[in-house]
Amino acid sequence: MVGAAVIAGRAALKCGAGRVYLGLLAPLSLCVDYAQPELMLRKPKELFAKSLVNVLVAGPGMGKADSTSKLLAAALVAPVPIVLDADALNLIAASRALAASLAKRKAAAVLTPHPAEAARLLA
C-alpha cells in the first residue's frame with residue numbers, strides 16, 4: 001500500500017519536517033512522487049544503511065508480511081525517536097518479540113493508535 005506511505009510523507013513535508021525520506025516496501029514502487037518531488041523515495045534498507053534519518057515513522061501502508069516485521073524490528077532498535085502508527089502497531093500487538101523490543105528502547109517512541117488499534121495493544 002504505497003498510497004498510505006506517500007500520503008504520510010507528503011503530510012510530513014507540509015508540516016515542515018524538512019528533509020523527508022520515504023522508505024517504500026513495494027517491489028515495483030515509485031522512484032519519484034511527481035506531485036511532491038522533494039519527497040525522497042528510497043528502499044527502507046537504504047535509510048538504515050546510510051543513517052539518513054533522525055526520526056522514524058513506521059506503520060502507514062506497511063502491511064503485515066514477515067519481511068515487514070523484520071524491518072520493524074530493525075526500526076525499533078534504531079537509536080532515533082520513532083512514531084508508530086497503523087500496521088506497525090498491529091504487528092507489535094501480534095508479536096511478543098516486537099513488543100519486548102519496543103519496551104527496551106532507549107530513544108523516544110510515540111504511539112498513535114486509533115481506538116481499535118489501542119484495544120489490540122492494551123489487550
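Helix H1 gives the largest pocket the biggest share of its lining, five residues. This is a predicted model, and that pocket holds about 780 Å³ of space. Below we go through the two pockets, then a buried tyrosine, then helix H4 and the helices it packs against.

**The largest pocket**

- Closest to the centre of this pocket are Tyr21, Leu22, Gly23, Leu47 and Val57, out of 32 lining residues.
- Besides helix H1 (2–14), the elements that put two or more residues into the lining are strand E1 (21–23), helix H2 (44–49), strand E3 (56–58) and H3.
- The lining leans heavily on one class: 26 of its residues are nonpolar, with five polar and one charged.

**The second largest pocket**

- Here the volume is about 160 Å³.
- If you want to click through the lining, pick Leu24, Leu25, Lys43, Pro44, Lys45, Ser67, Thr68, Lys70, Leu71 and Ala74.
- H2 and H3 each bring at least two residues to this lining, and H3 has the largest share, with five.
- The class breakdown is five nonpolar, two polar and three charged residues.

**Tyrosine 21, at the largest pocket**

- Tyrosine 21 sits in strand E1 and is among the residues closest to the centre of the largest pocket.
- Is this tyrosine buried or exposed? Its relative accessible area is 18%, which is under the 20% cut-off, so tyrosine 21 counts as buried.
- Setting aside neighbours within four places in sequence, tyrosine 21 is in contact with Met40, Arg42, Leu47 and Leu52.
- One of those partners, methionine 40, is 19 residues away in sequence, yet the C-alpha atoms of the two are 4.6 Å apart.
- Another partner, Leu47, also belongs to the group closest to the centre of the largest pocket.

**Helix H4, wrapped up by its neighbours**

- Seven of the nine residues of H4 are buried, so this helix is largely enclosed by the rest of the structure.
- The buried ones are Ala86, Asp87, Ala88, Leu89, Asn90, Leu91 and Ile92.
- What does the covering of these buried residues include? You'll find E3, H3, strand E4 (82–84), H5, strand E5 (109–111) and helix H6 (115–122) among the elements doing it.

**Alanine 86, a residue with positive phi**

- Most residues other than glycine have a negative phi.
- Alanine 86 has a phi near 50°, a positive value in a non-glycine residue.
- Alanine 86 is in helix H4 and is buried, with a relative accessible area of 18%.
- Apart from residues up to four places away in sequence, alanine 86 touches Gly59, Pro60 and Glu117.
- Methionine 62 is 24 residues from alanine 86 along the chain, and their C-alpha atoms are separated by 8.1 Å.

**H3 against H4**

- The axes of H3 (residues 66–76) and H4 (residues 86–94) come within 11 Å and cross at roughly 95°.
- That angle makes H3 roughly perpendicular to H4.
- On the H3 side the contact uses Thr68, Ser69 and Leu72, and these meet Ala88, Leu91 and Ile92 of H4.
- By class, the contact has four nonpolar residues, two polar and no charged.
- Thr68 does double duty: it meets H4 in this contact and also lines the second largest pocket.

**H4 against H5**

- H4 and H5 pack at an angle of about 110°, with their axes 5 Å apart.
- These two helices are therefore roughly perpendicular to each other.
- Leu91, Ile92 and Ala94 from H4 meet Arg96, Leu98, Ala99 and Leu102 from H5.
- The residues in this contact split into six nonpolar, no polar and one charged.
- Leu91 and Ile92 turn up in the contact with H5 and in the contact with H3 as well.

**Serine 101, further along H5**

- Serine 101 is in helix H5 (residues 96–104).
- Is serine 101 buried or exposed? At 17% relative accessibility, serine 101 counts as buried.
- Leaving out residues up to four places away in sequence, the contacts of serine 101 are Leu76 and Val77.

Definitions and conventions
Residues are numbered from 1 along each chain as its sequence is written. This is a predicted model: local features need pLDDT of at least 70, side-chain atom pairs count only at pLDDT 80 or more; totals for chains, interfaces and linings use all residues. Side-chain values use heavy atoms; hydrogens and water are left out. Axes are lines fitted to C-alpha atoms, for helices over the stretch in contact, and angles run from 0 to 180 degrees between N-to-C directions. Helices (H or I, at least four residues) and strands (E, at least two) are DSSP runs, numbered from the N terminus. Angles under 35 degrees count as roughly parallel, over 145 as roughly antiparallel, 65 to 115 as roughly perpendicular and the rest as oblique. Contact means heavy atoms within 4.5 Å. Ala, Val, Leu, Ile, Met, Phe, Trp, Tyr, Cys and Pro count as nonpolar, Asp, Glu, Lys and Arg as charged, and the others, Gly among them, as polar. On a 1 Å grid over the protein atoms alone, a cavity is a set of points where a 1.4 Å probe fits but cannot get out, and a pocket is an open set with protein on both sides within 12 Å along at least five of seven lines; lining residues have an atom within 4 Å of a point. Grid points are joined across faces, edges and corners, and a volume is the space filled by probe spheres set on the points. Buried means under 20% relative accessible area, exposed over 50%, partly exposed in between (1.4 Å probe, protein chains only).
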